[in-house]
Amino acid sequence: MLSYDAGMVYSCTNLGAVAANRADDGQPLWVTTYERTSEPIAESENHPYYRGPNPCVFDRGMLFVLPTDSQELLALDATTGIELWRRTMRSHAGQILGVADGRLLVSDDSFRTFDS
């Protein structure tokens with residue numbers, strides 16, 4: 001899944017990396033790696049821990065990423081890819097729902113919000 005903002009395309013590989021490319025020519029600007037989970041997250045929608053892919057969510061210079069191969073929600077600087085913070089998810093089934101009024105809303109084992 002790809003996300004776009006201000007001439008940049010952001011992508012999470014769900015294989016240990018997040019990348020930013022210029023939209024006009026595809027030039028890579030940065031790639032950030034993250035620690036992948038040692039426990040496999042099921043790929044079957046019938047599994048109680050299934051998490052489908054999440055697009056990267058951009059808000060005010062930050063990029064929020066919840067990879068399918070990690071138990072962590074990441075906040076990255078959208079310009080450099082530098083990690084700003086990470087939060088461990090309580091459930092394998094978490095999803096990024098969106099950003100409103102400077103708060104990132106995530107479903108986990110309940111709804112959680114984080115400052116963006």
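Here is a short dialogue on reading charged pairs and a surface patch in this predicted model.

Q: What kind of model is this, and how are residues numbered?
A: The model is predicted, so local features need pLDDT of at least 70, side-chain atom pairs count only at pLDDT 80 or more, and totals for chains, interfaces and linings use all residues. Residues are numbered from 1 along each chain as its sequence is written, and side-chain values use heavy atoms, leaving out hydrogens and water.

Q: How many salt bridges does a search of the whole structure find?
A: Side chains of opposite charge can pair when their charged atoms come close. A salt bridge is a side-chain nitrogen of Lys or Arg within 4 Å of a carboxyl oxygen of Asp or Glu. The search finds 6 of them here.

Q: Which parts of the chain does the pair Arg36 and Asp69 link?
A: In this salt bridge the closest N and O atoms are 2.5 Å apart. The pair links distant parts of the chain, 33 residues apart: Arg36 is in the loop between β4 (28–33) and β5 (57–59), and Asp69 in the loop between β6 (62–65) and β7 (72–77). Strands are DSSP runs of E, at least two residues, numbered from the N terminus.

Q: Is Asp69 buried or exposed?
A: Buried means under 20% relative accessible area, exposed over 50%, and partly exposed in between (1.4 Å probe, protein chains only). Asp69 is buried at 8%, whereas Arg36 is partly exposed at 43%.

Q: What about the pair Asp59 and Arg60?
A: Their closest N and O atoms are 3.3 Å apart. Asp59 is buried at 15%, and Arg60 is exposed at 59%.

Key: Helix = DSSP H or I, 4+ residues; strand = E, 2+ residues; numbered from the N terminus.
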